[in-house]
There are 4 protein chains.
Amino acid sequence: MNETHQDVRHLGRLELLTPGPERTLWYFRDVLGMEAVHTQGKSVYLRGYGDYAAATLKITEAANPGIGCVSWRTSSRAALERRCKAIEHAGLGVGWLEEEFGHGRAFRFRDPDGHLMEVYYEEQKYRAPDHLRSTLKNLPQKFTARGASVRRLDHLALLANEVAPNRRFAQDLLGMDLREQVIFDEGKLEIGSWLSPNPVHHSIAYVKDIKGASGRLHHISFWVDNREDVLRAADVLVENGIAIEAGPSKHNNSQGFYLYSFEPGGNRVEIYSGSYLVFAPDWEPVTWNEAERGTGVYWGTPLPESFINYGTPDVEATTAGVQPKIPVFDPI
Amino acid sequence: MNETHQDVRHLGRLELLTPGPERTLWYFRDVLGMEAVHTQGKSVYLRGYGDYAAATLKITEAANPGIGCVSWRTSSRAALERRCKAIEHAGLGVGWLEEEFGHGRAFRFRDPDGHLMEVYYEEQKYRAPDHLRSTLKNLPQKFTARGASVRRLDHLALLANEVAPNRRFAQDLLGMDLREQVIFDEGKLEIGSWLSPNPVHHSIAYVKDIKGASGRLHHISFWVDNREDVLRAADVLVENGIAIEAGPSKHNNSQGFYLYSFEPGGNRVEIYSGSYLVFAPDWEPVTWNEAERGTGVYWGTPLPESFINYGTPDVEATTAGVQPKIPVFDPI
Amino acid sequence: MNETHQDVRHLGRLELLTPGPERTLWYFRDVLGMEAVHTQGKSVYLRGYGDYAAATLKITEAANPGIGCVSWRTSSRAALERRCKAIEHAGLGVGWLEEEFGHGRAFRFRDPDGHLMEVYYEEQKYRAPDHLRSTLKNLPQKFTARGASVRRLDHLALLANEVAPNRRFAQDLLGMDLREQVIFDEGKLEIGSWLSPNPVHHSIAYVKDIKGASGRLHHISFWVDNREDVLRAADVLVENGIAIEAGPSKHNNSQGFYLYSFEPGGNRVEIYSGSYLVFAPDWEPVTWNEAERGTGVYWGTPLPESFINYGTPDVEATTAGVQPKIPVFDPI
Amino acid sequence: MNETHQDVRHLGRLELLTPGPERTLWYFRDVLGMEAVHTQGKSVYLRGYGDYAAATLKITEAANPGIGCVSWRTSSRAALERRCKAIEHAGLGVGWLEEEFGHGRAFRFRDPDGHLMEVYYEEQKYRAPDHLRSTLKNLPQKFTARGASVRRLDHLALLANEVAPNRRFAQDLLGMDLREQVIFDEGKLEIGSWLSPNPVHHSIAYVKDIKGASGRLHHISFWVDNREDVLRAADVLVENGIAIEAGPSKHNNSQGFYLYSFEPGGNRVEIYSGSYLVFAPDWEPVTWNEAERGTGVYWGTPLPESFINYGTPDVEATTAGVQPKIPVFDPI
């Protein structure tokens, strides 16, 4: 552990790109139960009822689905300066972005695989308008009990052409702890790495892009407080015609109780609970080989092929200039 | 067991009286998540997403809160005729009511304490309009995931000046099984009796009216599938400014996992799960004396005084000609 | 509805055959948390903590796994006589069996497919010894919180060479209501039928035996009160090295929240919650064709091939004279 | 934030004193489902199935119940040295304790109220013996599904003659963040403060000792993953004759879903889930005045008088030289 450690405090916000912004907004607001708090240009800003920040999800209209910018909040202004300097020195800096809705100036950069990220310190805390004020003083917003009612942003998983350089980048330049890894081929092939700058099991995962592409998204993930909430969310998704890709079930890696579906723009979204917190400063990463990892589940049925094959943007669709083809799962 | 048994199949519908129909409707539709399916005169008809009938709750504007008509569905047309004949013979008949929304002709009567009831056979099954059609073929209506999302009507509890004659009426003329009883004073004082015509633990309870009044309501109760749903409902109620009277907690009697609140018209409403089904044809009623009954809870804190003292209509308020005073519980 | 209806009140007991009685006992007692209350000859009798009867499961050593006798409790002694007469008249009677542990004399018979069944009336209620007495007066036995802690016997599913004659037998001679059906080939092929003599969604299911055999078992099923208990049970099973075949997940048909595993003797056992109660006396059976039935699940991944192909006794194993081969699912 | 911050990583272990070690051990092992891993002198060491350390609870026989030593794990060896130096400089040091079971050398000290604490860095990770090895590679121990099955140590609450100096000590010398406070008398009377060195809402709370005593314990708390687990634990406690003091219910402060009972030695123990994680580096402590704090619950019934009046050791009992009198709550 060195000074790097602790400079990045937590995942602050995700920007999601979508070719169908209206339906994507419907999914997050009406089906997942988030609040839309601001609109600017081609973007809408949303939040979960338990997020302390004004906005944690930004939906931006784009030609293809995928991840926009991944924002990390630092522990202090000094930490922000330190991260900026170190990342610039590593040659990955993009530049400063002045204030945008919800947070102050941010230093933008790209991870080795090319995903756009930023670090920032100043965050606008959410002040609920009267009709969204909670009766619970320490809850930033009323629990509106609409749809799946996700509580807060939890983590994301990125596809990367090669996992190792991105994992090392997250460790060395973002100060993250390595929590678990899937490594095949007798320790030679790094399939995935799960990392976090705080006791949350993982705030980011890098997973090998089987298509050999770069800069793509596997999924973003929202937290609910109990496994029963995940089961309930499955009912909500199916009743709203949303295809469930996998779950509700329990991962072996991370112990997360997961439910994956596709928002109408084509991006994979997880509703998530369980997992475990990591407190040990000398945590020894748990590694899984082919046999141990198995199909990625602790119980029941294997994850489907699409879970390995599909990311956003969809490589084939983008190359062909057609709409991304979301894997279809018949809800009946 | 004789032919009486099985003539009444299940609790079909409840009519609730309210001096504040708009706020009462808001409570059941927006907070509890029921659907309003029909309006007629001073009444609105509602249903839970899992109720097979078109409507199971009827809200009617009235000077005072309380119970309107309690409707029991019979097993057949012949059973309806048999019940009519037997009840008339007992001198409790009121007369036939022709078809109203949702069900066919009904024979109305009063229990010994004066509560209005009816038996009927023909029931209009719910056919959901397109926007409320479930993706689950055996679910009558879409799970809309709004508010507490109660699934179906479960039971009611009536206050009675004397419990025994009403309990015997339910056994002898409605063919109900006696499931549990609270009997104080060394077996001489029948405080409450819980009965049902089917394996549901109780479809009706009679509880002694401590005020010595007649024809009053203690509570009506709606089912949710899991205890977690009851906990979630508590959050929903408090966020909507609804006073919780008691729970979520577990009764000793019935094992029900309960949550009592007051709808804005003043009536007590329960959100309920757990309990147990009774299959034995020779069930021996479980009786509780003062020491065993205790405070009515299996865990934790006693039921409040209001649980014993308050029913609708509120005797004092009605006599004084003022608005009923709902017991107030500070949500903070 | 006629007098037949209501003569059979509920599923009373199941006898399970096992070639490995010690390990089978371990599964039900230590993993599922049932109590062993009696041993006689090659049989051990068990119960769930919520079962009112002394015993609801009988494990009997046998050369092959499978179902032994299926016991139905009648509503009265007269009902028992009526059922005996009607079944004998249909030519399916086997004869009277005098009292055995836990219940009085029983009339044995075979359903058209050859499964052994019996009807009986007299039932020994459970009187818990001191160390198993519950602090809850209406709970027959202490909740011991061991393993999956199943509450009570719920239902069973039998394989049958042809479904229709068995379904009609259950309707006509056991007085059951038909609740749901899976019918393929434009209404010509009855794949499965779900029936019950009471509001429980199904107490028995008949499913087509794809191997063309007779008298076989698909699964027996135990109830837990909440979906969370089913999820918890999955953890318990895997920690004890028990292979999970399918679930936890939600069926479309029946809405049951299921978890299937194999007890060490080779029989499929379900841990179950959810589903829905049926109160309507004029219930219209819900039918599912190929497209609607899909893979049998409301959410997520299809039921595995073994769910269709495997029953007990295992036809291939029995013919070859070898130990039944339980489908293996790698828990990792 | 300064270098102090982050030196203390997490609550590592609690030592509980008990005049009845056998029954106390029974409570934690058989009722709460923890594993006893080591015995030494008058102490037994235990762990929850999800704790990464070899032991997180130490039960020590003593004349009176109460808290023994509170152990905090540091982020590194250097951090341990820094904390030692700073605490000694503040005049609160006691001295170094060489290695004991489960962790390396520890620097002991007293908080201003006199509670014994220690900081240490070296921790023995749990290596499960074969019969306690989990099938889940990232779970330190088999989930044994015995009793309430608590997962891990979560936090503790100490009584203090004056809250402010202890709260400042925790902030300044242990580097904790202040999360919530209860302050009465127009901001002049600090009733309680909740703090943590990591995103867990609170790892320690200081609450005013209404008896004016020093060095006493309010409660220790163990985590379960879902609210349903807390409800299930209530059943387990009552079935084992353990008096529940309060809950299951939801605190307003902390949003914790709590269940308080007394272990047979007299100490208050909480089974706990819910609450919320705090990620903001600039978190503004939430303060509650008399009106806002109310009875300490978000739903339902007030916390009982004993929750304010009783701590361990019990002042009256100790002074009188008699056994502590645990508040009695009739489970019926």
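Colleague: How do you know how confident the predictor is in chain A?

Modeller: This is a predicted model, and pLDDT gives the predictor's confidence in each residue on a scale from 0 to 100. Chain A averages 94, and 95% of the residues score at least 70. The model as a whole scores ipTM 0.95 and pTM 0.96.

Colleague: What makes up the contact between chain A and chain D?

Modeller: Chain A brings 46 residues and chain D brings 46 residues. About 3,900 Å² is buried between chain A and chain D, with 51% of that on carbon and sulfur atoms. On the chain A side, K137(A), N138(A) and F279(A) lose the most area to chain D, together 18% of what that side buries.

Colleague: Why is the pair E284(A) and R127(D) called a salt bridge?

Modeller: The cut-off is 4 Å between a side-chain nitrogen of Lys or Arg and a carboxyl oxygen of Asp or Glu. In E284(A) and R127(D) the closest N and O atoms are 3.6 Å apart, so the pair qualifies. Between chain A and chain D the count is 10 salt bridges, along with 23 residue pairs in polar contact.

Colleague: Which elements of chain A give two or more residues to the side that touches chain D?

Modeller: Those are β1 (8–18), β5 (66–74), β10 (177–184) and β17 (286–288) of chain A. β17(A) has the largest share, 3 residues. Sorted by class, that side of chain A has 16 nonpolar, 15 polar and 15 charged residues.

Colleague: And chain C with chain B: how many residues of each are in contact?

Modeller: There, 46 residues of chain C meet 47 residues of chain B. Chain C and chain B bury about 3,900 Å² between them, 51% of it on carbon and sulfur atoms. K137(C), N138(C) and F279(C) supply 18% of the area chain C buries against chain B, more than any other three residues.

Colleague: What makes D282(B) and K125(C) a salt bridge?

Modeller: Their side chains come to 3.4 Å, N to O. With the limit at 4 Å, the pair therefore counts. Chain C and chain B have 10 salt bridges between them.

Colleague: How do you know whether L136(C) is buried or exposed?

Modeller: Buried means under 20% relative accessible area. L136(C) has 2%, so L136(C) is buried. L136(C) sits in the loop between β8 (116–120) and β9 (152–160) of chain C. Its contacts include K250(B), W288(B) and Y298(B).

Colleague: Why is E186(A) called exposed?

Modeller: Exposed means over 50%, and E186(A) has a relative accessible area of 75%, so the label fits. E186(A) is in the loop between β10 and β11 (189–196) of chain A. Phi of E186(A) is near 50°, a positive value in a residue other than glycine.

Colleague: What about A145(D): buried or exposed?

Modeller: A145(D) has a relative accessible area of 3%, which is under 20%, so A145(D) is buried. Phi of A145(D) is also positive, near 55°. The residue lies in the loop between β8 (116–120) and β9 (152–160) of chain D.

Colleague: Why pick out such phi values and any cis bonds?

Modeller: Because most residues other than glycine have a negative phi, and most peptide bonds are trans. A cis peptide bond joins T312(A) and P313(A), with omega about 0°. P313(A) is in the loop between α6 (305–309) and α7 (315–320) of chain A. Another cis peptide bond joins G247(C) and P248(C), with omega about 5°. P248(C) lies in strand β14 (residues 244–250) of chain C.

How values were computed
Residues numbered from 1 in each chain as written. Chains lettered and ligands numbered in written order. Predicted model: local features only at pLDDT ≥ 70, side-chain atom pairs only at ≥ 80, totals over all residues. Heavy atoms only, no water. Contact = heavy atoms within 4.5 Å. Buried area = accessible area lost by both parts, 1.4 Å probe. Polar contact = N/O pair within 3.5 Å; in protein donor to acceptor, adjacent residues only side chain to side chain. Helix = DSSP H or I, 4+ residues; strand = E, 2+ residues; numbered from the N terminus. Nonpolar A, V, L, I, M, F, W, Y, C, P; charged D, E, K, R; others polar. Buried < 20%, exposed > 50% of the residue type's maximum accessible area, 1.4 Å probe, protein only. Lists of a residue's contacts leave out its neighbours within four places in sequence.
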